[in-house]
Amino acid sequence: LQNSIPFWVEFSLLDECRRWVSLALDQHGVMKTTSAHDEMVLRAALGTSLSWARGPVAETRAAWSRTLDLARELGDTRIELQAQYGLWIFSLRRGHYSEALRFATEMMTLATEAKDDEAFATAQRIAGVSRHSLGDHAEGRALIERALIWFEQNRPQSVFRFGLDQHAAGLAFLARILWVQGYTTDAVKTTNLAVERALAIDHASTLCCALAEGLC
């Protein structure tokens, strides 16, 4: 089952992922027969799939909160970063922008400590989105632009590590900020770049973000 998770994420089969992972967690007595590490991986997959298939419902927060607790208990920094990202997107979609900024800031700190440049650039992007949502468009733009420089100069080992392509997502939200700041021509050019990138990598979740958060 765990080997199927990257496949489901890459091909945006998130509801299928949710069904099978939920079944595994519900039917196999996770507390008795599953190791803490395996449960952590399954909870992370559940959080990722619920974030897209169901949105910011209580079940989504519970999955990510349990993932975060297990990651800290096991000292798994990679999964802890993923859980902070998941809790950020949950908070953002609930309209809890200050809480979202807190998760983004914690992710930046942890990524710095772990010397994980990709995660740090991702955390910069989501911190920028949080700042934008709080009305601080100048700081939000600066954070996203710094993140985009990293993604333009580097190739992540896994494009879908955090559920979607961060480069395209960064462009989509940068376009929103440019539009709010009055740079309408630049905003349209930027959001078109986001859509073009999403189409080039043929990833439905990324295209959804580029369209909904940018072009539309």
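A salt bridge is counted where a side-chain nitrogen of Lys or Arg lies within 4 Å of a carboxyl oxygen of Asp or Glu. The exercises below concern a predicted model, and each is followed by a worked solution.

**Exercise 1. Decide what links Glu99 and Arg102, and state how they are placed in their helix.**

Begin with the distance: the closest N and O atoms of Glu99 and Arg102 are 3.9 Å apart. The cut-off for a salt bridge is within 4 Å, and the pair Glu99 and Arg102 does form a salt bridge. Next, consider the positions: both residues belong to helix α7 (residues 97-114), and because they are three residues apart there, about one helical turn separates them. Arg102 has a relative accessible area of 41%, so this residue is partly exposed. Finally, widen the view, since Glu99 and Arg102 are linked with Arg61 and Glu106 in a network of salt bridges. In general, side chains of opposite charge can pair when their charged atoms come close.

**Exercise 2. Describe how the salt bridges Glu39 to Arg66 and Arg176 to Glu213 are placed along the chain.**

The whole structure holds eleven salt bridges. In one of them the side chains of Glu39 and Arg66 meet, with an N to O distance of 3.0 Å. This pair links distant parts of the chain, for Glu39 lies in helix α4 and Arg66 in helix α5 (residues 58-74), 27 residues apart. Glu39, at 3% relative accessibility, counts as buried, whereas Arg66, at 29%, counts as partly exposed.

For the other pair, the closest N and O atoms of Arg176 and Glu213 are 2.9 Å apart. Arg176 lies in helix α10 (residues 166-180) and Glu213 in helix α12 (residues 204-215), so this salt bridge ties together parts that are 37 residues apart in sequence. Arg176 is partly exposed at 31% relative accessibility, and Glu213 is partly exposed with a relative accessible area of 28%.

**Exercise 3. Check whether the span of helix α4 agrees with its number of residues, and describe its surroundings.**

Helix α4 covers residues 36-53, which gives 18 residues, and at 1.5 Å a residue these should span 26 Å. The expected span is taken as 1.5 Å times one less than the number of residues. The C-alpha atoms at the ends of α4 are 25 Å apart, which agrees with the expectation. As for its surroundings, α4 is mostly covered, with 13 of its 18 residues buried. After the helix comes Gly55, whose phi is positive, near 90°.

**Exercise 4. Work out which parts of the chain line the second largest pocket.**

The second largest pocket encloses about 250 Å³ of space. Its lining is made by 17 residues, and those nearest its centre are Ile89, Leu92, Arg93, Phe173 and Glu213. Turning to the helices, α6 (77-93), α8 (117-133), α10 and α12 each contribute at least two residues to the lining, and α6 gives the most, with five residues. By chemical class, the lining residues comprise twelve nonpolar, one polar and four charged. Glu213, named above among those nearest the centre, is also the partner of Arg176 in a salt bridge.

**Exercise 5. Find where Lys115 and Asp202 lie, and say what is notable about their phi values.**

As background, most residues other than glycine have a negative phi. Lys115 has a positive phi, near 55°, and this residue is found in the loop between α7 and α8. With a relative accessible area of 71%, Lys115 is exposed. The phi of Asp202 is likewise positive, near 55°, and Asp202 lies in the loop between α11 (184-201) and α12. At 66% relative accessibility, Asp202 counts as exposed.

**Exercise 6. Is Gln124 buried or exposed, and which residues does it touch?**

Gln124 is found in helix α8. Because buried means under 20% relative accessible area, the value of 8% for Gln124 places this residue among the buried ones. Leaving aside residues up to four places away in sequence, Gln124 touches Met108, Leu143, Ile144, Arg146 and Ala147.

Conventions: Residues numbered from 1 in each chain as written. Predicted model: local features only at pLDDT ≥ 70, side-chain atom pairs only at ≥ 80, totals over all residues. Heavy atoms only, no water. Helix = DSSP H or I, 4+ residues; strand = E, 2+ residues; numbered from the N terminus. Buried < 20%, exposed > 50% of the residue type's maximum accessible area, 1.4 Å probe, protein only. 1 Å grid on protein atoms, 1.4 Å probe; cavity = no way out; pocket = protein on both sides within 12 Å on 5 of 7 lines; lining within 4 Å. Points joined across faces, edges and corners; volume = space filled by probe spheres on them. Nonpolar A, V, L, I, M, F, W, Y, C, P; charged D, E, K, R; others polar. Contact = heavy atoms within 4.5 Å.
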